[in-house]
Amino acid sequence: MIFETERLLIRKLIFTDLKPFHCLESNPLVLQYATGEVKTILECEKELITLINKYEKPSNDFFIYAIERKSDGHFIGTLGLIKDVENKEDDEIGYRFIQEYWGKGYATELCEGLIGYCKSVGMKKIIAYVIDKNIASSKILKRFNFKVVKNSISDDIGLPETKYELNL
């Protein structure tokens, strides 16, 4: 376990997460503000193996964790923590949920727990990039006092995005 909240458990991915991981990564609505590209089950299998293997690499700076619902053990999404190895200050967070779990307060709960976790491991600042059309995610970050620091166009999907940061 990485950390937990009242209803959620954040843990390392395991291979048995493949089916719900594919459900997440094959939904165009889930990915509309991320990569924009859905994945096949085979692509998800390869990606899942790669992500699992990264946990053991000492120089790894890219961690994707499973978000599991405590009440029933269901995988409901992923959490990304990307360490900034260059200037060691812009550690990035990101998350996505399977569509059926949207609108239930999980993202807000996750964000609150994540801030506490990041403080506990000594991070000084966390950042998040949000596509401007993703109003729900922007509201959550603002609720936790993330500040807007930059507006730009996303490198990967070419949409306007905002960079937020929170000093811990």
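**Figure 1. Thr-78 sits in strand β4, which covers residues 75-82.** This close-up comes from a predicted model, as do the views that follow. Is Thr-78 buried or exposed? With 6% relative accessibility, Thr-78 is buried, because the cut-off for that class is under 20%. Setting aside neighbours within four places in sequence, the contacts of Thr-78 include Phe-21 and Leu-24. Ile-64, Tyr-65 and Ile-67 also touch Thr-78, and the list is completed by Gly-94, Tyr-95 and Arg-96.

**Figure 2. Helix α1 packs against helix α3.** Here we look at residues 18-25 of α1 and residues 41-54 of α3. Two numbers help to read a view like this, since a pair of packed helices is described by the angle between the axes and the distance between them. For α1 and α3 the angle is about 115°, and the axes lie 9 Å apart. The two helices are therefore roughly perpendicular. The crossing of α1 with α3 is right-handed. Which residues of α1 meet α3? They are Leu-18, Phe-21, His-22 and Glu-25. On the α3 side, the partners are Ile-41, Cys-44, Glu-45, Glu-47, Leu-48 and Leu-51. Sorted by class, the contact of α1 with α3 brings together six nonpolar residues, one polar residue and three charged ones.

**Figure 3. Glu-25, Lys-39, Glu-47 and Arg-96 belong to one salt-bridge network.** Some of these names will be familiar from the earlier views: Glu-25 and Glu-47 take part in the contact of α1 with α3, and Arg-96 is in contact with Thr-78. Within the network, Lys-39 pairs with Glu-47. The closest N and O atoms of that pair are 3.1 Å apart. Glu-47 is partly exposed, at 26% relative accessibility.

**Figure 4. Two further salt bridges join Arg-69 to Asp-72 and Lys-83 to Asp-91.** In the pair of Asp-72 and Arg-69, the N to O distance is 2.4 Å. Asp-72 is partly exposed, with a relative accessible area of 34%, whereas Arg-69 is buried at 16%. In the pair of Asp-91 and Lys-83, N and O are 3.3 Å apart. What is the relative accessible area of Asp-91? The value is 5%, so Asp-91 counts as buried. Its partner Lys-83 is partly exposed, with a value of 34%. For context, the structure holds 10 salt bridges.

**Figure 5. Helices α4 and α5 pack at an angle of about 35°.** The view takes in residues 106-120 of α4 and residues 135-143 of α5, with the axes 10 Å apart. The crossing of these two helices is right-handed. Ala-107, Thr-108 and Cys-111 make the contact from α4, while Ile-140, Leu-141 and Arg-143 make it from α5. By class, the contact of α4 with α5 is made up of four nonpolar residues, one polar residue and one charged residue.

**Figure 6. Asn-145 has a positive phi value.** Where is Asn-145 placed? Asn-145 lies in the loop between α5 and β7, the latter being residues 147-153. Its phi is near 70°, a positive value in a residue other than glycine. Asn-145 is partly exposed, with a relative accessible area of 49%.

Key. Residues are numbered from 1 along each chain as its sequence is written. This is a predicted model: local features need pLDDT of at least 70, side-chain atom pairs count only at pLDDT 80 or more; totals for chains, interfaces and linings use all residues. Side-chain values use heavy atoms; hydrogens and water are left out. A salt bridge is a side-chain nitrogen of Lys or Arg within 4 Å of a carboxyl oxygen of Asp or Glu. Buried means under 20% relative accessible area, exposed over 50%, partly exposed in between (1.4 Å probe, protein chains only). Axes are lines fitted to C-alpha atoms, for helices over the stretch in contact, and angles run from 0 to 180 degrees between N-to-C directions. Helices (H or I, at least four residues) and strands (E, at least two) are DSSP runs, numbered from the N terminus. A crossing is left-handed if the near helix is turned anticlockwise from the far one by less than a right angle, and right-handed if clockwise. Contact means heavy atoms within 4.5 Å. Ala, Val, Leu, Ile, Met, Phe, Trp, Tyr, Cys and Pro count as nonpolar, Asp, Glu, Lys and Arg as charged, and the others, Gly among them, as polar. Angles under 35 degrees count as roughly parallel, over 145 as roughly antiparallel, 65 to 115 as roughly perpendicular and the rest as oblique.
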